[in-house]
Amino acid sequence: MSLETIRLSQTARDQLVWLKRHTGITHWNVLCRWALALSLRDGSTPLVKEIVTDSNVEMSWKTFAGSHGDIYLALLKQRCIADGEEPTDEAVSRTLLVHIHRGVGFLHGRSDLRSISDFVSLAVV
């Protein structure tokens, strides 16, 4: 597992397609950033630890993180430590993948997300 390329499961892909259609947010990386932030905000440990990345959706770390790569990396390392894991490259990659998937599930489960402003309202809570 590598941080250089982020691959998603078919389930996450299907949920992202639904989110793209219903919110007007057209880029995978933007939705995945929101998903990561939402999942990291939840203090509980994600139940799923292994994810089959069987879809055709993949993006580079640079595309995912943009100019904020250092911040995302620090957040992921901090989350590893908070979850009792050594922040190795593999642990950070796994944490990223698990939290993106949990966050995509959270976003997909919300019926009130219909626009970018609805996403912004999540951040103010």
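**View 1. Asp83, partly exposed, pairs with Arg79.** Asp83 has a relative accessible area of 27%, so it counts as partly exposed (buried means under 20%, exposed over 50%, and partly exposed is in between, using a 1.4 Å probe and protein chains only). What you're looking at is a predicted model, where local features need pLDDT of at least 70, side-chain atom pairs count only at pLDDT 80 or more, and totals for chains, interfaces and linings use all residues. Residues are numbered from 1 along each chain as its sequence is written, and side-chain values use heavy atoms, with hydrogens and water left out. The partner of Asp83 is Arg79: they form a salt bridge, with the closest N and O atoms 3.2 Å apart (a salt bridge is a side-chain nitrogen of Lys or Arg within 4 Å of a carboxyl oxygen of Asp or Glu). Arg79 is buried, at 7% relative accessibility. Across the whole model, the count comes to 5 salt bridges.

**View 2. Glu58 and Arg7 bridge two strands.** Here the side chains of Glu58 and Arg7 meet in a salt bridge, 3.2 Å from N to O. Glu58 sits in strand β2 (residues 58-60) and Arg7 in strand β1 (residues 5-7), so this pair, 51 residues apart, links distant parts of the chain (helices, H or I with at least four residues, and strands, E with at least two, are DSSP runs numbered from the N terminus). How accessible is Glu58? Its relative accessible area is 46%, which makes Glu58 partly exposed. Arg7 is partly exposed as well, at 33%.

**View 3. Arg94 and Glu90 pair up along helix α5.** The closest N and O atoms of this salt bridge are 3.9 Å apart. Why are Arg94 and Glu90 separated by about one helical turn? Because they are 4 residues apart in helix α5 (residues 89-108). Glu90 is partly exposed, with a relative accessible area of 48%. Add Glu85 to the picture and you get a network of salt bridges linking Glu85, Glu90 and Arg94.

**View 4. Thr95 is tucked into α5 as a buried residue.** Look for Thr95 in helix α5. Its relative accessible area is just 6%, so Thr95 is buried. Skipping neighbours within four places in sequence, Thr95 is in contact with Leu76, Arg79, Cys80 and Glu85 (contact means heavy atoms within 4.5 Å).

**View 5. Leu76 in α4 has 0% relative accessible area.** Leu76 belongs to helix α4 and is buried, as that 0% tells you. Apart from neighbours within four places in sequence, Leu76 is in contact with Leu36, Trp61, Val92, Thr95 and Leu96. Pro87 is 11 residues from Leu76 along the chain, and their C-alpha atoms are separated by 8.1 Å.

**View 6. Trp61 is one of the best-connected members of the largest nonpolar core.** This core has 30 residues, and Leu8, Trp61, Phe64, Leu96 and Ile100 touch the most other members (a nonpolar core is a set of buried Ala, Val, Leu, Ile, Met, Phe, Trp, Tyr and Cys residues joined through side-chain atoms within 4.5 Å). The elements giving two or more residues to it are α1 (10-23), α2 (28-41), α3 (61-65), α4 (69-82), α5 and α6 (116-124). If you leave out residues up to four places away in sequence, Trp61 touches Leu3, Glu4, Ile6, Gly66, Gly69, Tyr72, Leu73, Leu76 and Leu96.

**View 7. Helices α2 and α5 cross.** Their axes come within 7 Å and cross at roughly 95°, so α2 and α5 are roughly perpendicular (65 to 115 degrees counts as roughly perpendicular, under 35 as roughly parallel, over 145 as roughly antiparallel and the rest as oblique). Axes are lines fitted to C-alpha atoms, for helices over the stretch in contact, with angles from 0 to 180 degrees between N-to-C directions. Residues making the contact include Leu31, Trp34 and Leu38 of α2 and Leu96, Ile100 and Val104 of α5. By class, the contact has 12 nonpolar, 3 polar and 1 charged residues (Ala, Val, Leu, Ile, Met, Phe, Trp, Tyr, Cys and Pro count as nonpolar, Asp, Glu, Lys and Arg as charged, and the others, Gly among them, as polar).

**View 8. Helix α1 meets α2.** The axes of α1 and α2 come within 11 Å and cross at roughly 105°, so α1 is roughly perpendicular to α2. Arg13, Leu16, Val17, Leu19, Lys20 and Thr23 in α1 meet Trp28, Leu31 and Cys32 in α2. That contact divides into 6 nonpolar, 1 polar and 2 charged residues.
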